[in-house]
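Work through the exercises below with the sequence and the coordinates open. Each task is followed by a solution in steps.

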Amino acid sequence: MASKQLKTLSWEEVAKHNKSDDLWIVIDAKVYDVTRFQGMHPGGASLFLEEDIAGQDATEVFYGLHRHEVIIKPQYARLQIGVIDGEESVIQSHIPGELSTVPYSEPTWLTDGYFSPYYKESHRVFQKAMRKFTDEIVTPDAHAREEDGKRPSQSVIQAMADVNLHAMRLGPGKHLKGLELLGGFDYFHEMIVTQELCRCSSRGYGDGLQAGAVIGLPPVLNYGSPAMKAKVLPEVFSGKKFIALAISEAFAGSDVAGLKCRAVKTDDGKHWIINGTKKWITNGTFADYFTVGCKTDEGLTVILVERGEGVETKPIKTSYSSTAGTAYITFENVKVPVENTLGPEGKGIFVILSNFNHERWVMCCGSARSQRVIVDECLRWTSQRKAFGKPLHSQAVIRAKLALMIQRAESTQNWLESITHQMNNMSYKEQSQKLAGPIGLLKMYSTKCAQQTATDAVQIFGGRGITRTGMGRHIEHYHRTVPFDSLLGGAEDVLGDLGVRQAMRQMPKNTML
C-alpha cells in the first residue's frame, strides 16, 4: 500500500482550520487533521477549543498530556496530512538498541566522556547486543503480558534460549563451556544481562522470564548428580522446561530452619515421600521442576521434585503481577527418587545459603537499574511539564527530589560494581565467606533507596503517578511493585542484621576506643 502524500503547509494556511467542523493542529512541525477524531478523543472534543490550539501549535499541550509513543501509533499517525514549510520535527522516539542522552539515564560507564576500571570492550559489545534484544524482542511482549496477565510468550523464551541467555543468567561457570559469548563472560556481563532486561519496566514479567531458574537451578548445577544435570540443565537452558525454588512457606520465610514441609524415606530407602506446602513461589504456576527445602530425620534437606502426581499449584493474587506465576504449592504423598537429593542429607541449609549470595546480588543489579529508569522518566517529565508558566524543574522542591533520586541511583550502582569486582576475583567459597554480609547490606540499601525513589516519583508526577495508563504508567507500576524487592531474597531488616552480625564476628578482640 502506497504511503500518503503529505502537504507542505504554511502557518497561515493551518490557522484557517480552527473550527469544530474543520480542525487542524500542529505537533512538532507535523500537521494533523483532527476534525473527525476530536469526538473520539479520550479527553473530550472540547479540549481542542478550550486550550486554544485549534489551527495552532499544540506541541506543548500534547506533551503535557501524552507520551511520545502515542503520536507514533498507526491510528494517530494516519491523521497527519502535512508538515510546516521550512520547519523540521525535533522530537524523537527511543531508537531500539541506542543509549539515552538524558543525564543519569545510563550508568557512568556507558556515558560519553566518562571512564570505569571495570568494563572492557567485550562488555560494551555485549551491552549493545543486549539493549537491542531487549528493546526489540522483550519489551513489546512485556507490556502486552502485563496487560493480559499471562506468562511470558514462549517465543520470547525461545529467543532467549537461542542466544544462550538462560544459561548466562546463572553467571560464570562450567555450564557456559562451549558457548559463544562475545569474548568471555564474567559477573559484569551477567550484570548487563539483568540490568538490560529490567529496563522493560515490567517487574512481574521480568520474574516470569525464568527468574525461577536463576534461583532454583544453581542447587542442581552445584549439587545435582551428573545424570540429573545432564537431564535438567539442557531442558531449562533451552527454554523447554521451567524450574522454581520452593523454600518459603506460610509457616516460615527467612527462618528456613522452621520449615514444616516434610520428606520421609520409604522402607527400602529408594524414595522420598514428601508432604507439605510452599507459598509465594516465583514461576510456581508454570514450573516443571521444584527445588524444595524439606525437613527430614537428618535435618533440612533439599530435593528436586518433578511436577507429577501429588503436586498441585495454585496462583496467588498479588498487587505485583500474575505474569511472574507466583504460586501456592501442595505436595501430597509425592514420591521422589532418593537420587534427586541435592547435597548431603541434613545439610540443606548450606545448599540454600550458598544460593542466597547470587540471588541477592541479582536483585541488587535489577534494583539499581530500575531506579535509573525512574530517574530518566522524572527528568523528562519535569522538563516538558509546565507549572505556573515554567517547566516543573524550575521549582526548587522538585530539583531537591531529583537530586536525591540521582544520588541514590549512582551510589547503589557504584557499590554494586565494587562488590561485583570482588566477585570476579574471588572463588565461590571466598564469596560465601566474605561477601554475604556486604551483599546483604547492599540489598537492604538498594531496596530502601528504591522505595524512597518510588515515593518521590509519585509526588513529581502527581495523579499521573498512580494511574495505570498514560504519562505516569511506569511510575505507577514501579511504585506498586517495588515493595516486592524489599521482601524477596530476605526482608530488609533481616539482611541488615546479617551484615552487621558478620562484621561483629570479624571484630578484633583487642580493639578498644
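A nonpolar core is a set of buried Ala, Val, Leu, Ile, Met, Phe, Trp, Tyr and Cys residues joined through side-chain atoms within 4.5 Å. Buried means under 20% relative accessible area. The model is predicted.

**Exercise 1. Cores**

Task: Find how many residues the largest nonpolar core has, and which of them have the most contacts inside it.

Solution.
- Step 1. Apply the definition above: the largest nonpolar core has 66 residues.
- Step 2. Rank by contacts inside this core: Leu 217, Val 220, Val 232, Ile 243, Leu 304, Trp 361 and Leu 416 have the most.
- Step 3. Assign the core residues to elements: H14 gives the most, with 8 residues.
- Step 4. Look outside this core: another core, of 23 residues, lies apart from it, and Val 102, Trp 381, Ile 460 and Ile 475 are among its residues.

**Exercise 2. The largest cavity**

Task: Search the whole structure for cavities of 30 Å³ or more, then describe the lining of the largest cavity.

Solution.
- Step 1. The search returns 3 cavities of 30 Å³ or more.
- Step 2. The volume of the largest cavity is about 50 Å³.
- Step 3. Its lining consists of Pro 107, Trp 109, Leu 110, Gln 127, Ile 192, Gln 195, Glu 196 and Arg 369.
- Step 4. By residue class, this lining of the largest cavity holds 4 nonpolar, 2 polar and 2 charged residues.
- Step 5. By element, helix H9 (residues 187-197) contributes the most to the lining of the largest cavity, with 3 residues.

**Exercise 3. The second largest cavity**

Task: Why does the second largest cavity lie between domain 3 (228-345) and domain 4 (353-506)?

Solution.
- Step 1. The second largest cavity contains about 40 Å³ of space.
- Step 2. List its lining: Pro 219, Leu 245, Ile 247, Thr 291, Val 302, Val 351, Ile 352, Asn 355, Phe 356 and Glu 359.
- Step 3. Classify these residues of the second largest cavity: 7 are nonpolar, 2 polar and 1 charged.
- Step 4. Assign them to elements: helix H14 (residues 348-384) supplies the largest share of this lining, 5 residues.
- Step 5. Compare with the domain bounds: domain 3 (228-345) and domain 4 (353-506) both give residues to the lining of the second largest cavity, so the cavity lies between them.

**Exercise 4. The sheet**

Task: Give the order of the 5 strands in the open sheet, and state which strands stand at the edges.

Solution.
- Step 1. The order is S1-S5-S4-S3-S2, with mixed pairing.
- Step 2. Strand S1 (7-9) and strand S2 (18-19) each have a single partner strand and stand at the edges, so each has one side without a neighbour in the sheet.
- Step 3. S1 and strand S5 (residues 80-84) run parallel and are joined by 3 bridges. Thr 8 is opposite Val 83 in S5, and Leu 9 is opposite Ile 84 in S5.
- Step 4. Strand S4 (residues 30-33) and S5 run antiparallel, also with 3 bridges. Lys 30 has Val 83 in S5 as its bridge partner.
- Step 5. Check the cover of S5: 4 of its 5 residues are buried.

**Exercise 5. One residue**

Task: Is Ser 418 buried, partly exposed or exposed?

Solution.
- Step 1. Locate Ser 418: helix H15 (residues 396-424) contains it.
- Step 2. Ser 418 has a relative accessible area of 30%. Exposed requires over 50% and buried under 20%, so Ser 418 is partly exposed.
- Step 3. For a distance, take Gln 371: Ser 418 and Gln 371 are 47 residues apart in sequence and 18 Å apart in space, C-alpha to C-alpha.

Technical notes:
Residues numbered from 1 in each chain as written. Predicted model: local features only at pLDDT ≥ 70, side-chain atom pairs only at ≥ 80, totals over all residues. Heavy atoms only, no water. 1 Å grid on protein atoms, 1.4 Å probe; cavity = no way out; pocket = protein on both sides within 12 Å on 5 of 7 lines; lining within 4 Å. Points joined across faces, edges and corners; volume = space filled by probe spheres on them. Helix = DSSP H or I, 4+ residues; strand = E, 2+ residues; numbered from the N terminus. Nonpolar A, V, L, I, M, F, W, Y, C, P; charged D, E, K, R; others polar. Domains from an automatic or database assignment. Buried < 20%, exposed > 50% of the residue type's maximum accessible area, 1.4 Å probe, protein only. Pairing = 2+ DSSP bridges.
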